[in-house]
Amino acid sequence: MPGEAAGGNRPWHNAAVVRARNLARGRLTQPPRTAGEPLPVIALTRAVPDSIERGELTHLERSPIDLARARRQHDAYRAALAQMGCTVRELEPTPALPDSVFVEDAAVVLDELAVITRPGAVSRRPETESVAAALRPWREPGFIEAPGTLDGGDVLCLGRRVFIGETPRSDAEGIRQFRALVAPYGYTVEAVAVCGCLHLKSGVSAIGDATVLLNPDWVDADVFADYERIEVAPGEPFAANALCIDGRVLLPAAFPATRTRVEARGFEVTTVDADELAKAEGGLTCCSLLVAE
């Protein structure tokens with residue numbers, strides 16, 4: 001299979017080892033799972049704040065957000081994560097931080113550590129403190145420090161290969177620091193040019209152990225030549241941001257033609273409405289941090 005790498009795109013591919021280590025540190029009270037049991041995955045999410053309409057926008061025109069509908073969609077998203085096997089936990093609300101529902105940008109969770117980011121938008125930097133505190137029961141933190149910037153939405157992990165988008169939110173110094181933090185654990189880091197969208201994972205996401213879903217207008221498909229590639233359907237440019245949990249794919253309901261393409265490759269697909277959150281330049285990966293116990 002093209003592009004096979006140990007553990008594929010799942011950040012919890014070595015969950016048994018991580019769980020055993022955490023048990024030894026006194027962080028867990030249950031013994032490690034045996035082979036064949038479901039992987040224990042925590043999904044950290046945060047409520048949609050009242051202030052979401054004041055969030056940062058880069059590529060979209062500002063339009064009114066129906067707050068009640070956005071919250072219903074977020075509730076449905078959390079329910080879908082639970083249905084896909086995650087234990088969903090809610091972080092403390094941060095009503096004064098407009099983009100705080102998009103928790104993925106504040107950290108990158110690997111088996112060995114959690115890299116706490118330094119978001120490219122100054123208004124988002126206060127989000128990281130509470131995320132770092134929430135992750136400490138499972139991971140030792142590493143930090144991106146000034147002057148570097150890095151958004152979690154720009155970081156795509158495929159096994160031990162990490163791709164990071166060069167965007168206005170993630171700069172060369174942030175990428176350099178990330179590389180230094182993860183290199184001792186055997187990860188390689190490749191910078192990727194991105195155009196026309198906010199984050200790398202707006203244009204490409206991992207949906208299998210060696211498969212990516214991408215928009216070739218925003219990300220050079222040749223960068224992912226080692227992987228099986230599924231291109232979004234014409235007229236659905238924002239469909240490339242999908243969330244994969246243990247081989248099951250979560251897609252926005254607004255992109256039925258792309259869903260058909262993904263299902264044709266043998267993937268099980270679940271859909272949720274997410275158009276209100278999309279008005280704030282948020283995607284499905286943005287709204288949760290997945291952590292292996």
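This report describes the fold, cores, sheets and selected residues of a predicted protein model.

## Overall picture and confidence

The model is predicted. The protein chain has 293 residues, and 54% of them count as buried. Seven helices and 15 strands make up its list of elements. Among contacts between residues at least 6 apart in sequence, 70% join residues at least 24 apart. The chain exposes about 11,900 Å². Carbon and sulfur atoms supply 52% of that area.

The average pLDDT is 88, and 86% of the residues score at least 70. Residues 1–36 have a pLDDT below 50. This stretch still has 83 contacts in the model beyond near neighbours in sequence. Where pLDDT is low, the predicted coordinates should not be read in detail.

## Nonpolar cores

The largest nonpolar core holds 24 residues. Leu-81 and Leu-250 have the most contacts inside it. Three elements give two or more residues each: β1 (41–45), α2 (67–83) and β12 (243–245). Helix α2 gives the most, with four residues. A second, separate core has 17 residues, including Val-194, Cys-197, Val-212 and Tyr-227.

Which residues does Leu-250 touch, not counting residues up to four places away in sequence? Tyr-77, Ala-80, Leu-81 and Met-84 are among them. So are Ala-242 and Leu-243. Thr-270, Thr-271, Val-272 and Leu-284 complete the list.

## The β9-β10-β11 sheet

Three strands form an open sheet in the order β9-β10-β11, with mixed pairing. Its edge strands are β9 (204–208) and β11 (228–231), and each pairs on one side only. Neighbouring strands are turned by 30 degrees against each other on average, direction ignored.

β9 pairs with β10 (residues 211–214) in the antiparallel sense, over four bridges. Within this pair, Ser-205 stands opposite Leu-213 of β10. Helix α6 (residues 256–264) lies across β9, β10 and β11. The helix runs at about 155 degrees to β11.

## The β12-β13-β14 sheet

Another open sheet of three strands has the order β12-β13-β14, again with mixed pairing. β12 and β14 are its edges. Each has a single partner strand, so one side of each is left without a neighbour in the sheet. The average turn between neighbouring strands here is 25 degrees, direction ignored.

β12 and β13 (residues 248–252) run antiparallel and are joined by three bridges. Ile-245 stands opposite Arg-248 in β13. Helix α6 also lies across β13 and β14, and runs at about 160 degrees to β14.

## The β6-β7 hairpin

In a regular strand the side chains alternate between the two faces of the sheet. Strand β6 (residues 155–158) is covered on both faces. Val-155 and Cys-157 are buried on one side. Leu-156 and Leu-158 are buried on the other.

Strand β7 (residues 161–166) runs antiparallel to β6, with four bridges between them. Cys-157 stands opposite Val-162 in β7. The hairpin has two residues between its strands. There, Gly-159 takes a positive phi near 65 degrees.

## Two loop residues

Arg-265 sits in the loop between α6 and β14 (268–272). Why does Arg-265 count as partly exposed? Its relative accessibility is 41%, and the partly exposed class runs between the 20% and 50% cut-offs. Leaving aside neighbours within four places in sequence, Arg-265 is in contact with Glu-228, Arg-229 and Ile-230. Ile-230 is 35 residues away from Arg-265 along the chain, yet their C-alpha atoms are separated by 8.6 Å.

Phe-238 is in the loop between β11 and β12. With a relative accessible area of 45%, Phe-238 is partly exposed. Which residues are in contact with Phe-238, leaving aside its neighbours within four places in sequence? They are Leu-60, Trp-218 and Phe-255. The C-alpha atoms of Phe-238 and Trp-218 are separated by 9.9 Å, with their positions 20 residues apart along the chain counted as the distance apart.

Terms used:
Residues numbered from 1 in each chain as written. Predicted model: local features only at pLDDT ≥ 70, side-chain atom pairs only at ≥ 80, totals over all residues. Heavy atoms only, no water. Buried < 20%, exposed > 50% of the residue type's maximum accessible area, 1.4 Å probe, protein only. Contact = heavy atoms within 4.5 Å. Areas by Shrake-Rupley, 256 points an atom, 1.4 Å probe, with all protein chains shown as cover. Core = buried A, V, L, I, M, F, W, Y, C linked by side-chain atoms within 4.5 Å. Pairing = 2+ DSSP bridges. Axes fitted to C-alpha atoms, helices over the stretch in contact; angles between N-to-C directions. pLDDT = per-residue confidence, 0-100.
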